[in-house]
Amino acid sequence: MNDLNLAIIGLGYVGLPLCVEFARQYTTIGFDISRRRVDELAQGIDRTREVDENDLKAVSKNGLRFSTELDDIADCNIYIVTVPTPVDRHHRPDLSPLLGASETVGKVLKQGDIVIFESTVYPGATEEDCVPVLEKQSGLKFNVDFFCGYSPERINPGDNTHTVTQIKKVTSGSTPEIGQRVDALYKSIITAGTHLAPSIKVAEAAKVIENAQRDVNIAFVNELSMIFNRMGIRTSDVLEAAATKWNFLPFKPGLVGGHCIGVDPYYLTQKAQELGYNPEIILAGRRLNDNMGIYVANQVVKLMIRKGQKIEGARVLMLGMTFKENCPDIRNSRVIDVIRELADFGCVVDVYDPWADADEVSEEYGLSLLPGDREPPVCNYQAVVLAVAHTEFVGMPLCPTSTQVVYDIKSVLPESDGSL
């Protein structure tokens, strides 16, 4: 495998860690359409914080290059696509980044090349949607002149334990021989090992149900939290007691955002509906989880009213904007649902998150963050909502008074007026 030249297409949370690991053993080029991203990586700066600066600089010295130029990847023979696969505002799969990447690769595709997709898709997308684009752009024939593989990403943003090499990798190929080659490639860098699936469709399906399963389980405990709130008992206390049974699954209630759990199930349901089947459990879980932000905002307002607060013009401090703790990823953060609902009630909401990039939040959500380098004056707010359990927030001194409301979405504070 010494004659391999790899190009990683897309250098986000998935692509960059993979790029760095492959570059330790193979000639590797990281390709991205963002000039800003490429320039930062060339300087050893990773705004996603997924790769250590020293590791990035070390592999760069050993030959890893980053580029936005198509000519720079023309001599590669393995292309690994790691671009996002989001949904639109109607929750329909948006394959435009994936198809755009396929067009890019198709323009430089050559005889004998292998294109491996890692982006989460519905079963069939690689061969039914991406391959025709590759054939059209290259003029080559699938499984005759070029081949494909699928190895779904399993990156967990912000997790320093389950890194790319420590998570078992599912692999597959468009022919049995290519499957073996793809598997051997990943096996050379993945310490945790690999699992060769019998087909690309099986590998695609395995990925999409991973997050659909988690989504449904979180929806279940979110519904429990609504029930237990009416009963006047803390959900966290109930879950702690239930978890003493060996086979109880330790899911927790919360806002379900990010680029995986809150998105991937729609890829599966879209395909199912195209085939004439209307998924009930999956979509019910999605509806419940998508409405949790509105539920939280209503709970906060009710608590404020009980404490005699005037809602119109009330100042509310939102702690956290990213989709999960100790991670700068703001994609599909459902904290925005809480903010917008509180604003609809007439509240003035300030958002503080030292992990989030202010420019990204402004561009994505039209919000201005409080300065991240200093804690806000907590006592000046009528309500404080802990939305994300960043380490900085867990030990942050609050200012509970007889009138101030503290709502803890993540159930990590020792005392609060309400929580999920």
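Hi everyone, let's start with what is hidden: of the 420 residues in this chain, buried ones make up 53%. Please keep in mind that what we are looking at is a predicted model.

Now the overall build. If you scroll along the chain, you will pass 14 helices and 13 strands. The radius of gyration is 23 Å, and the globule rule gives 22 Å for 420 residues, so the chain is as compact as a globular protein of that length. Along the principal axes, the C-alpha trace spans about 75 × 50 × 40 Å.

How do the contacts run along the sequence? Take the contacts between residues at least 6 apart in sequence: 70% of them join residues at least 24 apart.

On the outside, the accessible surface comes to about 19,200 Å², and carbon and sulfur atoms account for 50% of that. As for charge, there are 57 negative side chains and 41 positive ones, and the centres of these two sets lie 3 Å apart.

Let's split the chain up. The domain assignment gives domain 1, covering 6–198, and domain 2, covering 222–419. Their centres, taken over C-alpha atoms, are separated by 33 Å. How many residues are in contact between domain 1 and domain 2? On the domain 1 side there are 22, and they meet 19 residues of domain 2.

Next, a few places to zoom in on, beginning with Cys 19. You will find Cys 19 in helix α1, which runs over residues 15–23. Is Cys 19 buried or exposed? Its relative accessibility is 0%, so Cys 19 counts as buried. Leaving out residues up to four places away in sequence, Cys 19 touches Ile 8, Leu 11, Thr 28, Ile 29, Gly 30, Leu 64 and Phe 66. Phe 31 is 12 residues away from Cys 19 in sequence, and their C-alpha atoms are 9.6 Å apart.

A good contrast is Ile 233. This residue sits in the loop between α7 and α8. With 40% relative accessibility, Ile 233 counts as partly exposed, because that value falls between the 20% and 50% cut-offs. Under the same rule of skipping residues up to four places away, Ile 233 touches Phe 228 and Val 238. Gly 395 lies 162 residues from Ile 233 in sequence, with 24 Å between the two C-alpha atoms.

Let's move to helix α10, residues 281–290. Which of its residues are buried? They are Ile 282, Leu 283, Gly 285, Arg 286, Leu 288 and Asn 289. As a reminder, an α-helix has 3.6 residues a turn, so residues three or four places apart point the same way. The cover over the buried residues of α10 includes three other helices: α7 (200–231), α9 (264–274) and α11 (292–306).

Last stop: backbone angles. Most residues other than glycine have a negative phi. Now look at His 91, whose phi is near 65°, a positive value. His 91 is in the loop between β4 and α4, and its 35% relative accessibility makes it partly exposed. Ser 411 also has a positive phi, near 55°. Ser 411 belongs to the loop between β12 and β13, and it is partly exposed too, with a relative accessible area of 22%.

To recap, keep the two domains in mind, 6–198 and 222–419, along with Cys 19 as a buried residue and Ile 233 as a partly exposed one. Thanks for listening!

Methods: Residues are numbered from 1 along each chain as its sequence is written. This is a predicted model: local features need pLDDT of at least 70, side-chain atom pairs count only at pLDDT 80 or more; totals for chains, interfaces and linings use all residues. Side-chain values use heavy atoms; hydrogens and water are left out. Helices (H or I, at least four residues) and strands (E, at least two) are DSSP runs, numbered from the N terminus. The radius of gyration is taken over C-alpha atoms; the globule rule is 2.2 Å times the number of residues to the power 0.38. Buried means under 20% relative accessible area, exposed over 50%, partly exposed in between (1.4 Å probe, protein chains only). Contact means heavy atoms within 4.5 Å. Accessible areas come from the Shrake-Rupley method with a 1.4 Å probe; for residues, only the protein chains shown count as cover. Lys and Arg count as positive and Asp and Glu as negative; His and the chain ends are not counted. The place of a charge is taken as NZ of Lys, CZ of Arg, CG of Asp or CD of Glu. Domain bounds come from an automatic or database domain assignment.
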